[in-house]
Amino acid sequence: MAKIEDLLALEILDSRGNPTAEVTVKLDNGVFATAKVPSGASTGEREALELRDGDKKRYQGKGILKVVDNVLNTIKPAIKGMEPFDQRAIDKRLIELDGTETKSGLGANAILAVSLAVVHVAARALNMPLYKYIGGVDTPTIPVPMLNVLNGGKHADTNVDFQEYMIVPAGLPSFKEALRASTEVYHTLKSILKERSLTTSVGDEGGFAPSLKNNEEPLQLLFKAIEKAGYKPGKDIYLALDPASSEFYSDGKYHLKDEGRTLTSEQMIDLYEGLARVYPLISIEDGLAENDWDGWVKLTKRLGSKVQLVADDLTVTNTKYIKKLIELDGANSVLIKLNQIGTLTETMEAIRMVKSNGWTAVVSHRSGETDDTTISDLAVAANTGFIKTGAPARGERVSKYNRLLEIEYELAGRAVYPGMQAFVSIK
Ligand code: PGA
Ligand code: ZN
C-alpha cells in the first residue's frame, strides 16, 4: 500500500486577492495531488478558525505563513507514513493535533488543505475520479445549481442589503441544459441592466452588482430576465435568496438600510411570505440571523412547507449545531461549506446527519475562491442534489460548473439530474 511521503505548502491568492493555502501531498509511489482552500466574507461567528498571521507588514495582516509552517512542521511529521486511503484516521489525527474545538491550534485552513489534498491523492493513486472515490457505487446525482446572478450585501459595494439573488434551473432536464438556460438568463439580465443604465460590473461571486431602490427590485429583474430569455419562471427556473441576514442584524432587529426600515423577526417572515406569494421563490438561506433561533422556528412553521429554508451561519457545517436545529425543527435544509468545519470526514458527517433527517444539503463555495473544484465532486459523491457556486462567470466560479459538465459527460446517461425532485424537504 502506498504511504504519505511528503507535504508541500504554499501561500497563494484567492479570487479577492487575499492569501490562502495550497497543499500538495506526495506518496512514496510518486503520485501527488493538490488542494486549495477558499475563504468567506460574511462568515458565521461559530465557524472554525481561519488562521492568519496578523503581521500588518505583509498582506495587511492577512498572510498565512503560520499556516504554511503548521503544515510543514507540525502536520507533515505526524501523518508521514500513513495510508492516504484511511481518510477518517488522517482527519482524526489532524483534529487531535489541533487540540481545540474551533481548530484554532493549527488553523482550519491548514487542516482542510491537508484533508482535501489527501482525498485527492488517494483517488489519483487508485486512478479514480474523485466523485467516484468518495461516493462509491451509488447512482450519482448531478446537483441542481443555484446561481447567484445578482450580488449585494458584503459581496458588493452597493445599497442592496440582501447578499445573494439566485436562479435555480430545477425544471430543465439535465445539468448541461440547466447551465445553458441559466447562462442565457444571466446574459439577458445584463442587457436589461444596460437598457436601464444600471451598472453591469460584477460582485465577488460574479453576479451583477447594481444599486437598486429596494430589496425586491432584484427579484423583479430576475423574473423579467427569465421570461425574456424564453423560459417560464416557476416552471423552468425558480428564484432563491441568501439575504445573509446576520450581517444586518443587531440589537435583536433587522436593519434594512436600502429601505430605511428596521424589522423584527416576525416582520422579516412577513416580508419573505409576501415575496414568496408574488415570485417563484423556492429557497431562502439565512433569512434570519445566526442567533435568532426562535425566529428560525417561527419561520419554519410559517414557510417550511412551501420554501426550502437553508441554514448557513446558524449551523456552520457543524453537527453540534445541526443537531440542535433539527431538534428545534428550525429549518429544512443546511448549507455545507468544507472550511466552516475543516475536514472532509466532519463535512460528510454533517451531510449524513442532514439527509438522514429528510432535510436537504446544499454544497457551497465561499465568496473568496480558487480554481479548486473539490466541491463539484463532493456534491455528486454525496448525492446532495444541490450546489451553490456563484454566477456562470469568473474563472473560480465556472471551474466548478465546468467540472460538473465533465462529470455529467463522463457518466453518460448513468447520472440523474433530479430537478424539482431535489426539493425533498418541502412537503
Ligand atoms: P461567504 O458568503 O463565503 O462570504 O461567507 C457565502 C454565503 O453566505 O453563503
Ligand atoms: Zn449564506
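V316 is a buried residue, with a relative accessibility of 0%. Keep in mind that this is a predicted model. Beyond V316, the things to look at here are another residue with a positive phi, the site around ligand 1, and a serine in a loop.

**Backbone: two residues with positive phi**

- As background, most residues other than glycine have a negative phi.
- V316 isn't a glycine, yet its phi is positive, at about 40 degrees.
- You'll find V316 in the loop that runs between strand 11 (308–311) and helix 9 (319–328).
- Q60 is another non-glycine with a positive phi, this one about 50 degrees.
- Q60 also belongs to a loop, the one between strand 3 (32–36) and helix 1 (65–79).
- So are these two buried or exposed? Q60 is exposed, with a relative accessible area of 71%, whereas V316 is buried at 0%.
- Q60 counts as exposed because its 71% is over the 50% cut-off, and V316 counts as buried because its 0% is under the 20% one.

**Ligand 1: where it sits and what surrounds it**

- Which cavity does ligand 1 take up? Ligand 1 occupies the space of the second largest cavity.
- There are 15 residues around ligand 1, and the ones that come nearest are A41, H155, R366, S367 and K388.
- Sorted by class, that shell has 7 charged residues, 6 polar ones and 2 nonpolar ones.

**Ligand 1: polar contacts**

- R366, one of the residues that come nearest, has a polar side-chain atom 2.7 Å from an oxygen atom of ligand 1.
- The side chain of D312 has an N or O atom 3.1 Å from an oxygen atom of ligand 1.
- For D242, the distance from a side-chain N or O atom to an oxygen atom of ligand 1 is 3.2 Å.
- How much of ligand 1 does the protein bury? On its own, ligand 1 would expose 280 Å², and the protein buries 100% of that.

**S245: a buried loop serine**

- S245 lies in the loop between strand 6 (238–242) and strand 7 (249–250).
- S245 has a relative accessibility of 0%, so with the cut-off for buried at under 20%, S245 counts as buried.
- What does the side chain of S245 reach at 3.1 Å? That would be the backbone oxygen of L288.
- A polar atom of the S245 side chain also lies 3.2 Å from the backbone nitrogen of A289.

Notes: Residues are numbered from 1 along each chain as its sequence is written. Chains are lettered from A and ligands numbered from 1 in the order in which they are written. This is a predicted model: local features need pLDDT of at least 70, side-chain atom pairs count only at pLDDT 80 or more; totals for chains, interfaces and linings use all residues. Side-chain values use heavy atoms; hydrogens and water are left out. Helices (H or I, at least four residues) and strands (E, at least two) are DSSP runs, numbered from the N terminus. Buried means under 20% relative accessible area, exposed over 50%, partly exposed in between (1.4 Å probe, protein chains only). A residue is near a molecule or strand if one of its heavy atoms lies within 4 Å of it. A polar contact is a pair of N or O atoms within 3.5 Å; within protein, one must be able to donate a hydrogen and the other to accept it, and residues adjacent in sequence count only if both atoms are side-chain atoms. Accessible areas come from the Shrake-Rupley method with a 1.4 Å probe; for residues, only the protein chains shown count as cover. On a 1 Å grid over the protein atoms alone, a cavity is a set of points where a 1.4 Å probe fits but cannot get out, and a pocket is an open set with protein on both sides within 12 Å along at least five of seven lines; lining residues have an atom within 4 Å of a point. A molecule sits in a cavity or pocket if more than half of its atoms lie within 2 Å of its grid points. Ala, Val, Leu, Ile, Met, Phe, Trp, Tyr, Cys and Pro count as nonpolar, Asp, Glu, Lys and Arg as charged, and the others, Gly among them, as polar.
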